[in-house]
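Let's take a walk through this model together, with the sequence beside you and the coordinates open in your viewer.

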Amino acid sequence: MSILLNKEVTSPIVDWVSNNIESAKKDPKDFGARQISFHLGYVLIFAQLQSPTNKQFHGKGFPMQSLKRIEAELKELFNIPKESKYASMGTLLAYSEKGYLCRVHRDKTPDDEHCHVRLNVLISKSEIGGNPIIIKGGLYFGKHERCVYPIITSVEENEPWICLASEFEHSTTLQDGETPRIMISFGYDVPRKVLEEHGYLKT
């Protein structure tokens, strides 16, 4: 059975995006945002949302309380320690349109003792595609291995998932349809032993 976040919590963020996206597209720097050219199609990233020094973003009336409620719920759901340090790019919001496709990649981790983990949720989903692909393969032997087969997860709107972003290559299916894809992603550097204890990694 799918676990879905309450729309009462996610809708304020969707509304904020709807009301501000055209201005952000015209002047991304004014929102502390940037367009990512590595991926296919149009995608605009608002990163480090959790940082109080991100004054450009926080001055735009973003519903931070909704974001904090989502973060707390996902940390509890996926057993991520409350004291976990934020990973590179921290908490981010990704807005994308028809034709977007995230290229296959793997994120960096600060050292061999931690894993870059991302807790993701699509608070707005396009009519077709935009689903996460996590590429896994073989047993884990303490080193990164070339992964050999993709697992495509068909998520619903407001259904969260976890991605071990430095452990496995990952991407998305091609996005299509007029509804934008809006993803909230919380990134942490989590000790590998914690992930092993909860079955996310093999010991």
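Asparagine 79 is a good place to begin: its relative accessibility is 36%, so it counts as partly exposed. What you are looking at is a predicted model, and asparagine 79 sits in its loop between H3 and S3. Have a look at the backbone here, because phi of asparagine 79 is positive, about 60°, although the residue is not a glycine. Asparagine 79 comes after H3 in the chain.

A little further along the loop between H3 and S3 you will find glutamate 83. Is glutamate 83 buried or exposed? With a relative accessibility of 66%, glutamate 83 counts as exposed, since anything over 50% falls in that class. If you want a sense of distance across the model, try proline 12: it is 71 residues from glutamate 83 in sequence, and the two C-alpha atoms are 26 Å apart in space.

Now step back to the helix that leads into this loop. H3 covers residues 64-77, which makes 14 residues. From the first C-alpha to the last, H3 reaches 20 Å, close to the 20 Å expected at 1.5 Å a residue. Which residues of H3 are buried? They are Met64, Ser66, Leu67, Ile70, Glu71, Leu74 and Lys75. These residues cover an arc of only 165° around the axis, and therefore lie on the same side of H3. Turn to the other side of H3 and you meet Gln65, Arg69 and Glu76, which are exposed.

What do the buried residues of H3 pack against? Their partners include two helices, H1 (7-26) and H2 (55-58). Strands take part as well: S3 (85-96), S4 (114-124) and S9 (181-191) are packed against by the buried residues of H3.

Strand S9 deserves a stop of its own, and valine 190 is the residue to pick there. Valine 190 has 0% relative accessibility, so it counts as buried. Leaving out residues up to four places away in sequence, valine 190 touches Ile80, Pro81, Ser84, Glu113, His114, Cys115, Val117 and Leu195. Arginine 103, by contrast, is 24 Å from valine 190, C-alpha to C-alpha, with their positions 87 residues apart in sequence.

Let's move on to strand S5, where proline 132 has its place. Proline 132 is at 5% relative accessibility and therefore counts as buried. Which residues surround it, once neighbours within four places in sequence are set aside? Proline 132 is in contact with Ile151, Ile152, Thr153, Val155, Trp161, Ser171 and Thr172. Cysteine 115 is 17 residues from proline 132 in sequence, while their C-alpha atoms are 19 Å apart.

Isoleucine 133 also lies in S5. Isoleucine 133 counts as buried because its relative accessibility is 12%, and the cut-off for that class is under 20%. The C-alpha atoms of isoleucine 133 and serine 154 are separated by 9.0 Å, and these two residues are 21 apart along the chain.

The loop between S6 (149-152) and S7 holds another backbone to inspect, that of asparagine 158. Phi of asparagine 158 is near 70°, a positive value in a residue other than glycine. Where asparagine 79 counts as partly exposed, asparagine 158 counts as buried, at 2% relative accessibility.

We can finish at the largest pocket, which contains about 560 Å³ of space. Which residues lie closest to its centre? Of the 30 that line the largest pocket, they are His39, Cys102, His105, Asp107 and His170. By type, the lining divides into 16 nonpolar, nine polar and five charged residues.

Several strands contribute to this lining. S2 (43-46), S3, S4, S5 (132-136), S7 (161-164), S8 (169-172) and S9 each supply at least two residues. The largest share of the lining comes from S3, with four residues. As you trace these strands, you will recognise some from earlier stops: S3, S4 and S9 are among the elements that the buried residues of H3 pack against, and S5 is the strand of proline 132.

Note on methods
Residues numbered from 1 in each chain as written. Predicted model: local features only at pLDDT ≥ 70, side-chain atom pairs only at ≥ 80, totals over all residues. Heavy atoms only, no water. Expected span 1.5 Å × (residues − 1). Buried < 20%, exposed > 50% of the residue type's maximum accessible area, 1.4 Å probe, protein only. Arc of directions from axis to C-beta. Contact = heavy atoms within 4.5 Å. 1 Å grid on protein atoms, 1.4 Å probe; cavity = no way out; pocket = protein on both sides within 12 Å on 5 of 7 lines; lining within 4 Å. Points joined across faces, edges and corners; volume = space filled by probe spheres on them. Nonpolar A, V, L, I, M, F, W, Y, C, P; charged D, E, K, R; others polar.
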